[in-house]
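Subject: The structure, and what I found in it

Hi,

Here is the structure I promised to pass on to you. Have a look at it first, and then read on for my notes.

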Amino acid sequence: MNKVLIIDDEPQLRKLLTRVIELEGYEVFQAVDCATALRQLTFCSPDVIFCDVRLPDGNGIDLIPKLKAAYPLTEIILLTAHATISDGVQAIKNGAFDYIIKGDDNSKIIPLLSRAMEKAQMGKRIKAQETQVPQQYTFQFIVGNAKVIKDAVFLAQKVAVTPVPVLLTGETGTGKEVFAQSIHQASARKEHSFVAINCASFSKELLDSEMFGYKAGSFTGALKDKKGLFEEADQGTIFLDEIGEIAVELQAKLLRILETGEYIKIGDTKLTKVNVRIIAATNRDLVHEIAKGQFREDLFYRLSVFQIHIPPLRDRVEDIAAIANVFIHSFAPQLNKEIRNVDPLFLEALKQHEWKGNVRELRNVIERSLIVCEGTELSLVDLPVEMQSKKKQLEGGIHLFDFELADMESRHIKKVLEYTKGNKTETARLLKIGLSTLYRKIDEYSITLES
């Protein structure tokens, strides 16, 4: 839950603010003075702070640098009874997000909090990306012998050595970023940066500032010049994931970069020039978006100079076992698991699944299965219940496996009985059913324990 700290010595105001902010779904903490606020920081780690200017043991404006030093990604909004221009200027210089007048600006509190919270969360996401060690993908990471994936890899390898833009299409989770990184690593730009951004993760304003940067003083909180991601990717590659989510207003800027390599930062008057290769990806039908007026036709044709469709996992069922094996060998050491064998029924269940989340979903299922696995063999019971209960009729009317709910319930009851060494009272308690119900099911399923 997002956290807010209110620093004010007026109990009624703190109570009112707390109530209003909690109704918006935030977790709220309170402090009556500077000293209490600094102690609160150690355990509440607020995303946004509302701070009064005049406090019993200090001045809120002077407190800002201390708060920002401890938590630089936290945004601070000053509360003042009597606003002055000099106080406002000094507050912004010290790092405040904004300031409001008590009583007069009540309608502005929630919208202002929302913007400050969005900026704080964006800062955290960017910080996490900067500290994360990126994995360098190459084409050898793309596993599969199905023709559809081999064709996609062939096209990607062909276009990698050229400077042209690439548009990757396909459902969520098919591995579009792996393809983008592989294209970059096989290109002449591989010694330079590969920068990725998910266009769906930001509002229009924040995406503008993140992609293109801004000049100091161009808006509240812009204390110094900021390089955009296009500058960070200069001479390298920028990967624009979910390009179909980008606002129409920003599409013109993107089109200009594709055509001239130039753009104007927020608050600037001069052109910024970059040499960047653009790889874009989308799970949307951009032709349909063009018809609705949500995507520029000229931008689409510039982005899709070379288009590659990444196939869904259901179109390459023959690759599922190989991909699963890669994930098993990757995750098992991390989870301190030693897997020596994989039950054929486990693999068959994987092949039967619809995989709406594609390779990403398969990755998550394998990781979960390894966590619950108790031995050295991955078996059907290690899969999510909904995957265990699937059945498939093969040629000739023979069922490979047929796990109805009754069969699963019977096996589970027997497993708990074995755990309790036949103690039916304890078994009923663990199963959260009545003792009479347990006896009835034992009789119904003819459950017996080995002596």
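In these notes, a residue counts as buried when its relative accessible area is under 20%, as exposed when it is over 50%, and as partly exposed in between. Please keep in mind that this is a predicted model.

By that measure, helix H8 is mostly covered, with seven of its nine residues buried. The buried ones are Leu206, Leu207, Asp208, Ser209, Glu210, Met211 and Phe212. Just after H8 comes Gly213, which has a positive phi, near 80°.

What does H8 meet in H10? On the H8 side, Lys204, Leu207, Asp208 and Phe212 take part, and they meet Glu249, Leu250, Lys253, Leu254 and Ile257 of H10. The axes of the two helices, H8 (residues 204-212) and H10 (residues 248-260), come within 10 Å and cross at roughly 15°. Angles under 35 degrees count as roughly parallel, so H8 is roughly parallel to H10. The crossing of H8 past H10 is left-handed.

Here is the wider picture. The protein chain has 19 helices and 18 strands. Of its 451 residues, 44% are buried. Its accessible surface is about 23,800 Å², and carbon and sulfur atoms account for 51% of that. If you take the contacts between residues at least 6 apart in sequence, 68% of them join residues at least 24 apart.

Thr237 is a good residue to click on if you want to see such surroundings for yourself. Thr237 lies in strand E12 (residues 237-241). Is Thr237 buried or exposed? Its relative accessibility is 0%, so Thr237 counts as buried. Leaving aside residues up to four places away in sequence, Thr237 touches His184, Arg189, Ser193, Phe194, Val195, Val276, Arg277 and Ile279.

Now to the charged pairs. Side chains of opposite charge can pair when their charged atoms come close. With a cut-off of 4 Å between a side-chain nitrogen of Lys or Arg and a carboxyl oxygen of Asp or Glu, the count comes to 17 salt bridges. I picked out three of them for you.

- Asp151 and Lys147: the closest N and O atoms of this salt bridge are 2.7 Å apart. Both residues belong to helix H6 (residues 147-160), where they sit four residues apart, about one turn of the helix. Lys147 is exposed, at 61% relative accessibility, while Asp151 is partly exposed, at 35%.

- Glu262 and Arg256: here the closest N and O atoms are 3.7 Å apart. Arg256 has a relative accessible area of 39%, so Arg256 is partly exposed.

- Arg284 and Glu289: these side chains form a salt bridge at 3.2 Å, N to O. Glu289 is buried, at 6% relative accessibility, whereas Arg284 is partly exposed, at 33%. This pair also belongs to something wider: salt bridges with shared partners join Glu245, Arg284, Glu289 and Lys292 into one network.

If you open the model, you could begin with H8 and its seven buried residues, go on to Thr237 in strand E12, and finish with the network that includes Arg284 and Glu289.

Happy browsing, and best wishes!

Definitions and conventions. Residues numbered from 1 in each chain as written. Predicted model: local features only at pLDDT ≥ 70, side-chain atom pairs only at ≥ 80, totals over all residues. Heavy atoms only, no water. Buried < 20%, exposed > 50% of the residue type's maximum accessible area, 1.4 Å probe, protein only. Contact = heavy atoms within 4.5 Å. Areas by Shrake-Rupley, 256 points an atom, 1.4 Å probe, with all protein chains shown as cover. Axes fitted to C-alpha atoms, helices over the stretch in contact; angles between N-to-C directions. Parallel < 35°, antiparallel > 145°, perpendicular 65-115°, else oblique. Left-handed = near helix turned anticlockwise from the far one by under 90°.
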